[in-house]
Amino acid sequence: MLLNIALHGIETAVGVRYLPTGWVRADSPVLIRYADDFVVHCHTRQDAIEIKARLASWLAPRGLAFNEDKTRVVTLDEGFDFLGFNVRRYRHKPLIKPSKAAVRRIRERLRQEVWSLRGTNAPAVIKRLNPIIRGWAAYYRTQVSARIFSALDNYLWRLIYKWAVISHSNRPKRWLIARYFGRFNKARQDRWVFGDRTSGAYLHKFAWTNIIRHQIVKHGASTDDPDLTEYWARRRRRTPLPINQTTRRLLAAQDGRCAICNDTLYAEGQPASAHEWEQWLHNARTRITVQAPSTPEADYRLIHTDCHHGSRPAPLHTQTPQGLA
């Protein structure tokens, strides 16, 4: 919040100009900002150098300055990293992909997690890794990530197979494959899914997350503007949450509310990083449950876990104030 206040007006300093329709003019630079990280798209290198000098003068009275180690002037053919993504032009076509640094980080984390799980059983591996896989894939699903998802699945499969070999060093390979791999996900024609034959739980794959393109936010749209509540609700409906189809269907049927307390099931807005998605998915699995129907005619219901156990306090019903006191 403080950074947003401090950097308010930076678009004017850059010289961004908009059409009456809300789109940026063709001859205008474009600013993209998140907190204190931002990128300015310019038409020429000279424009970029001039805007950088202008911004340095604009930031100085506010006690701010560029981090020269992170600030660069590059062409789109060279590309740049921003918020974990790499933006680069390939044969006249700009593409946004997960950055190489982000891929290295997730590979290293998966390696460390699997290494720390030596001596545990399959359910422990699945419980530890699934939120990491789902969270990372949910964050990067908005861009060109399909090939990277498949490459990460192959890398994780090798890690898991090595874990199985270490856990059962005296067993033959055929025994390991028969015990830990199979068609655990009935919705997929994939017999190389890692799972637990006792519980039926299985390890999610990156490639199972559908690619859903990011929708451009219209100019001036703020989540704090009460007049744009329907606009943001419509955007959320167009971008389905990374949950299974049954939960998604019940969520739509219940208008996103608990069937017992009528309070919202999921928090408004969406996470802004892979780690936040991981936490969001973990909370969704632990705080929300599906209640079986009490009669043959009834349907399943989504409820809070606390409501199921009867420990959730009743929601506070507030009234809209009619005016200032």
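In this predicted model, the buried residues of helix α3 pack against three elements, α1 (2-6), α2 (10-14) and β2 (37-41). These buried residues are Ala-48, Ile-51, Leu-55, Trp-58 and Leu-59. They cover an arc of only 85° around the axis, which puts them on the same side of α3. The spacing follows from helix geometry. An α-helix has 3.6 residues a turn, so residues three or four places apart point the same way. The length of α3 was also checked. The helix runs over residues 45-59 and holds 15 residues. At 1.5 Å a residue, α3 should span 21 Å. Its end C-alpha atoms are 21 Å apart, which agrees.

Helix α4 was examined in the same way. It comprises 17 residues, 100-116. The expected span of α4 at 1.5 Å a residue is 24 Å, and its end C-alpha atoms are 24 Å apart, so the two agree. Ala-102, Val-103, Ile-106, Leu-110, Glu-113 and Val-114 are buried in α4. Their arc around the axis is only 100°, which puts them on the same side of α4. Lys-100, Arg-104 and Arg-105 lie on the other side of α4, where they are exposed. The cover over the buried residues of α4 includes β5 (93-98), α5 (122-140) and α6.

Helix α6, part of that cover, also meets helix α7. Helix α6 spans residues 146-167, and α7 spans residues 173-180. Their axes come within 10 Å and cross at roughly 115°. The crossing is right-handed. On the α6 side, the contact is made by Tyr-161, Trp-163, Ala-164 and Val-165. On the α7 side, Lys-173, Leu-176, Ile-177 and Tyr-180 take part. By class, the contact of α6 with α7 has seven nonpolar residues, one charged residue and no polar residues.

A single position in helix α9 was then considered. Thr-247 is placed in α9, which covers residues 245-253. The relative accessibility of Thr-247 is 11%. Buried means under 20%, so Thr-247 counts as buried. Leaving aside residues up to four places away in sequence, Thr-247 touches Tyr-266 and Leu-302.

Methods
Residues numbered from 1 in each chain as written. Predicted model: local features only at pLDDT ≥ 70, side-chain atom pairs only at ≥ 80, totals over all residues. Heavy atoms only, no water. Axes fitted to C-alpha atoms, helices over the stretch in contact; angles between N-to-C directions. Helix = DSSP H or I, 4+ residues; strand = E, 2+ residues; numbered from the N terminus. Left-handed = near helix turned anticlockwise from the far one by under 90°. Contact = heavy atoms within 4.5 Å. Nonpolar A, V, L, I, M, F, W, Y, C, P; charged D, E, K, R; others polar. Expected span 1.5 Å × (residues − 1). Buried < 20%, exposed > 50% of the residue type's maximum accessible area, 1.4 Å probe, protein only. Arc of directions from axis to C-beta.
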